[in-house]
Amino acid sequence: MAAPLSVEVEFGGGAELLFDGIKKHQVTLPGQEEPWDIRNLLVWIKKNLLKERPELFIQGDSVRPGILVLINDADWELLGELDYQLQDQDSVLFISTLHGG
Amino acid sequence: MPAPPCTSCHAARAALRRPRSGQALCGACFCTAFEAEVLHTVLAGRLLPPDAVVAVGASGGKDSTVLAHVLRELAPRLGISLQLVAVDEGIGGYRDAALAAVRRQAARWELPLTVVAYEDLFGGWTMDAVARSTAGSGRSRSCCTFCGVLRRRALEEGARRVGATHIVTGHNADDMAETVLMNFLRGDAGRLARGGGLGGRPAPRCRPLQFASQKEVVLYAHFRRLDYFSEECVYAPEAFRGHARDLLKRLEAARPSAVLTSCTPPSAWRWPVRSGPAPRRLLPLRGSGQPRSLPGLCALDGLNRGRPRLAIGKGRRGLDEQATPGTPGDPDKTPTPKAVPTF
């Protein structure tokens, strides 16, 4: 049983274009049976925040390859990736690398 | 579950896992390591000797932003001076915003900036005009192929104007792997034998970030709080490179070393085709009255004659399409394919 959580979800590197151009979103995740991990957060984002072209952000149950995920300014690869359990006031940043430089 | 401690300083929490080594580093140690590796690439490859005047190809994007920032940090140590050169391809709704980012960077870094426009250099041809000229044939659009040729020429011209001795671009390891794959997919054995499309010929153009993975370039920009322009070119979805990129990304998910091993210097491979320097046909710049010969203008010749694919296609393929002679700013001219007699 997971309590409601308040987290900041941020998009950068062009990913914000899929979210009405808004970079920072302060979201409240409702209390639910299952724990709030990144896997469930992605499902929630797809349902509630993603405005267009879901295939450009999500692939399967993870992010599209080429999108970096930082949790509290740390690479999610250090924190368990999809299995990381969200805490209240966490900050999750999705940076797209899929554009020319 | 907090992140493990940094394996370098052991003081701060690690902020990323490096793709190649799997090493966990904090932001500060990572940035230091990144800069040290770029310095090593430049020194070991003797890319930029002391007193070099270096033209940095600046697009406002993540790679050239990181490149310019790092070289600016390393410039005193290397004894080089920097000039920013930006190319205006004439892509409405895209390039203006990107150039605004470059201008902000030039002001912040106090670096001189020169902008070279396709329209001025190539007899009025903007990329939007090239795109109109190459559309409508039923094939996938080839305007990005033209852009690659023209951009290189424009960068060289910009470098010449500022008296640069060397040109640097921000191509990272992922870009290099895509280029190798693209040449392989096109069966361009000659280009692969000359260096895999990685700059085998002795040109003063080099890529100090060529061994840095794209992930690390983006994270460096993030930890250094660098401001860059991150929208995709409006024509990019039609570019052939996208196919190579998708394939590499999927390969990387299965085998993480795919990107870095595909950049193995082709000199380490064995190629049956022996190839000398790339043949360069020299044409005078149309309409300029200048007697200088400039390579890469076969592309313009094709555009001006209304036969765009003749310039970039191989063999007979370019002859299958005919178009009304193209003029740069003419949106009404639509090419109509006609049958070509066999011979």
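In this predicted model, the side chains of B:K215 and A:E77 pair up in a salt bridge, with 3.0 Å from N to O. That link is part of a wider meeting of the two chains: the count between chain B and chain A comes to three salt bridges. On top of that, eight residue pairs are in polar contact across the interface of chain B and chain A, both partners being at pLDDT 80 or more.

So what does chain B bring to this meeting, in terms of helices and strands? On the side that touches chain A, at least two residues each come from β1 (16-17), α2 (62-78), α9 and α10 of chain B. The largest share, six residues, is supplied by α9(B). Sorted by character, the residues on this side of chain B split into 13 nonpolar, six polar and nine charged. Overall, 28 residues of chain B are in contact with 25 residues of chain A, and about 2100 Å² of area is buried between the two chains, with carbon and sulfur atoms giving 60%.

B:K215 and A:E77 turn up again at the second largest pocket, where they are among the residues that lie nearest its centre, along with A:G66, B:E252 and B:A253. This pocket has a volume of about 820 Å³ and a lining of 33 residues. Both chains chip in: β4 (62-63) and β5 (67-71) of chain A, plus α9 (214-223), α10 (241-254) and α11 (258-261) of chain B, each supply at least two lining residues. The largest share of the lining, four residues, comes from β5(A). As for character, the lining of the second largest pocket holds 14 nonpolar, eight polar and eleven charged residues.

Notes
Residues numbered from 1 in each chain as written. Chains lettered and ligands numbered in written order. Predicted model: local features only at pLDDT ≥ 70, side-chain atom pairs only at ≥ 80, totals over all residues. Heavy atoms only, no water. 1 Å grid on protein atoms, 1.4 Å probe; cavity = no way out; pocket = protein on both sides within 12 Å on 5 of 7 lines; lining within 4 Å. Points joined across faces, edges and corners; volume = space filled by probe spheres on them. Nonpolar A, V, L, I, M, F, W, Y, C, P; charged D, E, K, R; others polar. Contact = heavy atoms within 4.5 Å. Buried area = accessible area lost by both parts, 1.4 Å probe. Salt bridge = Lys/Arg side-chain N within 4 Å of Asp/Glu carboxyl O. Polar contact = N/O pair within 3.5 Å; in protein donor to acceptor, adjacent residues only side chain to side chain.
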